[in-house]
Amino acid sequence: MKLVFATHNPNKFKEINSLLPQHIELLSLSDIGCNEDIEETGKTIDENAMIKAEYVRNHYGYDCFADDTGLEVNALAGAPGVFSARYAGEAKNDEANNEKLLQQLKKHQDRSAQFKTVIALNLKGDQNLFTGICKGEILKERRGEKGFGYDPLFLPDGFNLSFAEMELEEKTKISHRGIAFRELIEYLSK
Ligand code: IMP
């Protein structure tokens, strides 16, 4: 069975490809000649994942899945949420995003937050959603050099290491993305 993973990120592609059951032939966006950036116009993380999967289905006719992730901070009413990548502007700069988050949280006591990943699987037009949530808190200063995005500021509940201080394998065991992808793999392996 051919299945498209709607991502331009080769690392994400490689990681999920190695975990999928053998009967699935995973194709990337470039494999199907889709070189455009699919616009993320949804108001929620769920919507954005569905938009991307539907885009591939409607324009290229393939079964497909797409993921979308956001950081939701309780004291900021769920921000940055769908705007996580471009919180500090269209340049999508991790450093600027982290700085803005620290500034916005300065006057708040409550630093609780969660990462949420939603994967939308579109098989013959039928949608299925798989969700992974990782709860934690936003640190007062950056810790660690690994990872990307908000990793240096995110301390997952029950751990003394920020995401940026963890090895990828360790992070994936508890992360939003790890949880959502394991759910997808279980579903596809049935
Ligand atoms: P995407 O939907 O996976 O592209 O994620 C959107 C944005 O959320 C990224 O640009 C990052 O800023 C942030 N993000 C997503 N996943 C993570 C993570 O595991 N750690 C830190 N930041 C993340």
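Which elements each supply at least two residues of the shell around the ligand? Please keep that in mind as we go through this structure, which is a predicted model, and let me answer it straight away: they are β3, residues 64-73, and α5, residues 176-189.

Let me stay with the ligand for a moment. It is surrounded by 13 residues, and the closest of them are T69, D151, K171, H176 and R177. If we sort the shell by class, we find five charged residues, four polar ones and four nonpolar ones.

Now for individual contacts. In the side chain of R177, an N or O atom lies 2.6 Å from a nitrogen atom of the ligand, while the side chain of H176 has an N or O atom 3.0 Å from an oxygen atom of the ligand. With Y150 the backbone takes part, since one of its N or O atoms is 3.1 Å from a ligand nitrogen atom. As for the surface of the ligand, taken alone it exposes 480 Å², and the protein buries 86% of that.

Let me turn to helix α3, which covers residues 94-105. Why should this helix span 16 Å? The reasoning is that α3 has 12 residues and we allow 1.5 Å a residue, counting one less than the number of residues; the C-alpha atoms at its ends are 17 Å apart, which agrees with that expectation.

The buried residues of α3 are N97, N98, L101, L102 and L105. Looking down the axis of α3, we see these buried residues fall within an arc of 135°, and therefore they line one face of the helix.

Note on methods:
Residues are numbered from 1 along each chain as its sequence is written. This is a predicted model: local features need pLDDT of at least 70, side-chain atom pairs count only at pLDDT 80 or more; totals for chains, interfaces and linings use all residues. Side-chain values use heavy atoms; hydrogens and water are left out. A residue is near a molecule or strand if one of its heavy atoms lies within 4 Å of it. A polar contact is a pair of N or O atoms within 3.5 Å; within protein, one must be able to donate a hydrogen and the other to accept it, and residues adjacent in sequence count only if both atoms are side-chain atoms. Accessible areas come from the Shrake-Rupley method with a 1.4 Å probe; for residues, only the protein chains shown count as cover. Helices (H or I, at least four residues) and strands (E, at least two) are DSSP runs, numbered from the N terminus. Ala, Val, Leu, Ile, Met, Phe, Trp, Tyr, Cys and Pro count as nonpolar, Asp, Glu, Lys and Arg as charged, and the others, Gly among them, as polar. Buried means under 20% relative accessible area, exposed over 50%, partly exposed in between (1.4 Å probe, protein chains only). The arc is that of the directions from the helix axis to the C-beta atoms.
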